[in-house]
Amino acid sequence: MPAIDFYLLDITYRVAENKPIIVLFARTLDGKRLIIEDDTFRPYFWIIPKPGQLDNVQEKLTKLKIQNNAEVSEISRTEIRKKNLNGKEVEAIKAYTNLPRDVPVLREAVKVWDIIESIHEYDILFVNRYMIDTSLVPMTACTAEGKTENNIFKAEKIKPSEDPQTLADPNILSLDIETYNPEGKQMDMNKNPILMIALHGKEYKKVLTWKRFSTQNTYIEFLDSEKSLLERFVQIIKEQNPDILTGYYSDGFDLPYIKTRAEINKVNLDIGMDNSPLKISSGMTIKAYIAGIPHFDVFRFISKIIGRSLDTETYGLDAIAEEMLGIRKQEVDLDNLYAIWDNNPEELERFCTYNLHDAFLTYQLAVKNLPTIVEMVKIVGLTLYEVNRMGFSQLVEWYLLKEAKAHNQLAPNKPSSQQSKERLAKSYQGAFVFQPKPGLYKDIMVYDYRSLYPSIISSHNISPATFNCTCCSLSAKKVPLEGKEWWFCEKQKGFIPLLIEELITRRMRIKEILRESQDEFLKARSNALKLLGNSFYGYLGFYMSRWYSLESASSTTALARFYIHKVIDGAQAKGFEVIYSDTDSVFFLLKENPLKKATDFVAEINRDLPGLMELEYEGHYPAGIFVSAKLGPYGAKKKYALLSEKREIKIRGFETVRRNWSAVAKETQIEVLNIILKEQNPEKAFNCAQAVIRQLRERKVPCEKVIMYTRLQKEMASYEAIGPHVAAARRMQQRGQTIALGSLIKFIITPGSEKVRERVKLPDEVQEGEYDADYYIHNQVVPAVDKIFEVLGYSRENLVAPKDQKKLDAWFV
DNA sequence: GAGCATCGGGG
DNA sequence: GTGTACGATGCTC
């Protein structure tokens, strides 16, 4: 029988003659598009009868028939299987139906029978069920046997290839649109047309627009209407034939916009590989699907998965591209695009450049993030489209569902709404954070537990199935939680701890290889394994989880507290001064102790740790500063700055660095920390801060350093309190600029005796030196550094009104 | 302070 | 479509 090798890109199904037919969208190894159909797979779900009712249930199932208008739902076939459900062996009936849609109908009918215990896996989408049961892995090579009919390969057998290579160098095409928008942030796709569409591929650049102007740019192509622009867009997608289509928030903006405009202009958007149209599904989250072309929304992936490991707090394209690529967006005044479109089309070129640049950034971000998402696809076993739209808990859940099949486990059900409410109402104790003592320290040793939560779950066999097992009730060690008699099985490894152990050891092996050679794909795999492994703990305590277990989640944190205390107490007993600890890390001072004493101590801790748990050396920091909290004499948690051996400053939690403070405040803070930590010269740092204050007073600070930035949080009309930024926004409106929710407001506070809001001016309205020195001193520079100097014994008054400086005998505590 | 509502991203 | 979102933040009572 003819066989064919292919990369699987996407999957859907259709119904013909009361049979479901799986449709696989693939790319052959030589780059051609291919549709494969498999009509051998049938929907099913599981029923567990009550004890002694197996035959009764089975017989009743065979007779079950639900008539709904012309449609009849029935169980076509049953099988009896021994399965495992949360640690218990059960006899379950596998009930097949004709069509996927029969499953919910029949489940409703069976649900009320009093001879059944429970029903399982009735809500797993048909195509996902297919992916799990066949073990096919998207983006990697698969093999099908069968024959070609009418350009469609009819598969009889289908499986992963012997050597399942990953699709290398896929053809990615990114898109970005610009729209007519006279109302600022408020957008109306039913009213306002698309003005431009930019497309960017590896060797492809194009901007389509429908107003002519003279240009030398060959990538700009003029059309004569929005309708022809959209038609040309469809044509280009078909010509370029991308393996992946990407955009930035294209789920929620670009593609829905294109869809709406295509409907208004009566343009056929049949860009699916089966000629089906672009589908926009608007539930609570809007999604854009194209059959056969995985749609990769970079924003979705970053905001759900990658974002938390980035420094940026906003997920706008500009901030993300700057952090991940080191390239920013082009600056244009988008608020005026509509006016220029109407009145000055000769000025449109820079908007086309801007449009293309956004598509370029998106393309680069897609290339950069694809390896990680592809590794996730390979672990979880669902399509890129699906994985792209999942959060951490869903990734874990689908991974568990896939592995459940392989381990003969039945999946527990999702909670009912009643159950989720009950789960939401419960909480438990989290991580331990050591209250730091404010101070400037030297020779700080930092150790942390490697993958603390995952390694606890694995090493202590934590899972719903192993919780308070009957076999170990007397012998097992209890979880260190007061008032609880909790333990986890010590005889039989649980399904979840087994998987997490696998993830950890797989990652350890990869990291071993990575020590020798830097390989981007192995790095991505390591990253994907880490992200997934770290999500198990959260998953166990997440109220929507199938394998939810509050006992497991709270035992994990209880053990984490136990193990971190072990290090804190042990270090103190050895004579080290512990200055800080948060969740999985401990900071202590070396003082006069030799380094060997610290390494010996840590080796001793490691000897007693079970399983995969390990306390690792994180670093030695020659200097570090911990500042005090807003209130009281104790130190602020999660707020410190360290100097590494490589003489790099590591700042945590100083909010002024991140927020939209003026440059003069930010720069002063960083400079002060640098001098204190690198030169260990508080006096010089103090003088530096005083010098800045003096320069402010003498109006020598350039205006660009005193500009403040705020993004409008509300529509202008809804502001009751007129803060400086609202006053600035009003000024901008008076000058004819369109201001709405989200507009970036730049302003400067100028001198005078009126209220602050009456002294707000826009950057281009002020002369050099025209700023309110007192305002910048007291509201910007001083708050940015006063906590730092407080630690050093300088008071706020010293800083602002320079007199003789206080002399400190010892800078280091 | 709990409970409800909105927002994010995009032009 | 064998599915329904999520976590942070602000506003109101």
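In which helix does V367 lie?

**View 1. V367 and its helix in the predicted model.** This structure is a predicted model. V367 belongs to helix α9, which covers residues 349-380. Because its relative accessible area is 35%, between the limits of 20% for buried and 50% for exposed residues, V367 is classed as partly exposed. Along the chain, V367 and I172 are 195 residues apart, yet their C-alpha atoms are separated by 7.9 Å.

**View 2. L499 and its surroundings.** Helix α14, which runs over residues 495-516, contains L499. Is L499 buried or exposed? L499 counts as buried, because its relative accessibility is 0%. When neighbours within four places in sequence are left aside, the residues in contact with L499 are Y399, L400, E403 and H407. V791 stands 292 residues from L499 along the chain, and a distance of 47 Å separates the C-alpha atoms of these two residues.

**View 3. Helix α21 and the residue G736.** Helix α21 is formed by residues 724-734. Its buried residues include H725, V726, A727, A728, A729 and M732. Just after α21, the backbone of G736 adopts a positive phi of about 90°.

**View 4. The surface near DNA strand B.** DNA strand B is surrounded by 20 residues, of which E178, T179, K185, Y249 and L317 are the closest. Of the atoms of DNA strand B that come within 4 Å of the protein, 52% belong to sugar and phosphate. Which element gives the largest share of the surface near DNA strand B? Strand β11 (residues 172-179) does, with 4 residues. By residue class, this surface holds 10 nonpolar, 4 polar and 6 charged residues.

**View 5. Polar contacts with DNA strand B.** An N or O atom in the side chain of E178 is 2.5 Å from a sugar or linking oxygen of DNA strand B. T179 approaches a sugar or linking oxygen of DNA strand B with a polar backbone atom, at 2.8 Å. For D335, the partner is a base nitrogen of DNA strand B, which lies 2.9 Å from a polar side-chain atom of this residue.

**View 6. The surface near DNA strand C.** Around DNA strand C there are 21 residues, and the closest are Y13, Y122, F126, M284 and M544. Sugar or phosphate accounts for 42% of the atoms of DNA strand C within 4 Å of the protein, and bases account for the rest. The residues of this surface comprise 13 nonpolar, 2 polar and 6 charged.

**View 7. Polar contacts with DNA strand C.** A backbone N or O atom of P100 is placed 3.0 Å from a sugar or linking oxygen of DNA strand C. A polar backbone atom of Y122 lies 2.3 Å from a base oxygen of DNA strand C. K287 uses a polar side-chain atom, which is 3.0 Å from a base oxygen of DNA strand C. The elements that contribute two or more residues to the surface near this strand are α2 (102-111) and α3 (126-134).

**View 8. Chain A as the setting for the close-up views.** Chain A contains 23 helices and 28 strands. Its C-alpha atoms fill a box of roughly 95 × 80 × 55 Å along the principal axes. The radius of gyration of chain A is 31 Å, which agrees with the value near 28 Å for a compact globule of 813 residues. Of the 813 residues in chain A, 53% are buried.

Terms used. Residues are numbered from 1 along each chain as its sequence is written. Chains are lettered from A and ligands numbered from 1 in the order in which they are written. This is a predicted model: local features need pLDDT of at least 70, side-chain atom pairs count only at pLDDT 80 or more; totals for chains, interfaces and linings use all residues. Side-chain values use heavy atoms; hydrogens and water are left out. A residue is near a molecule or strand if one of its heavy atoms lies within 4 Å of it. A polar contact is a pair of N or O atoms within 3.5 Å; within protein, one must be able to donate a hydrogen and the other to accept it, and residues adjacent in sequence count only if both atoms are side-chain atoms. Ala, Val, Leu, Ile, Met, Phe, Trp, Tyr, Cys and Pro count as nonpolar, Asp, Glu, Lys and Arg as charged, and the others, Gly among them, as polar. The radius of gyration is taken over C-alpha atoms; the globule rule is 2.2 Å times the number of residues to the power 0.38. Buried means under 20% relative accessible area, exposed over 50%, partly exposed in between (1.4 Å probe, protein chains only). Contact means heavy atoms within 4.5 Å.
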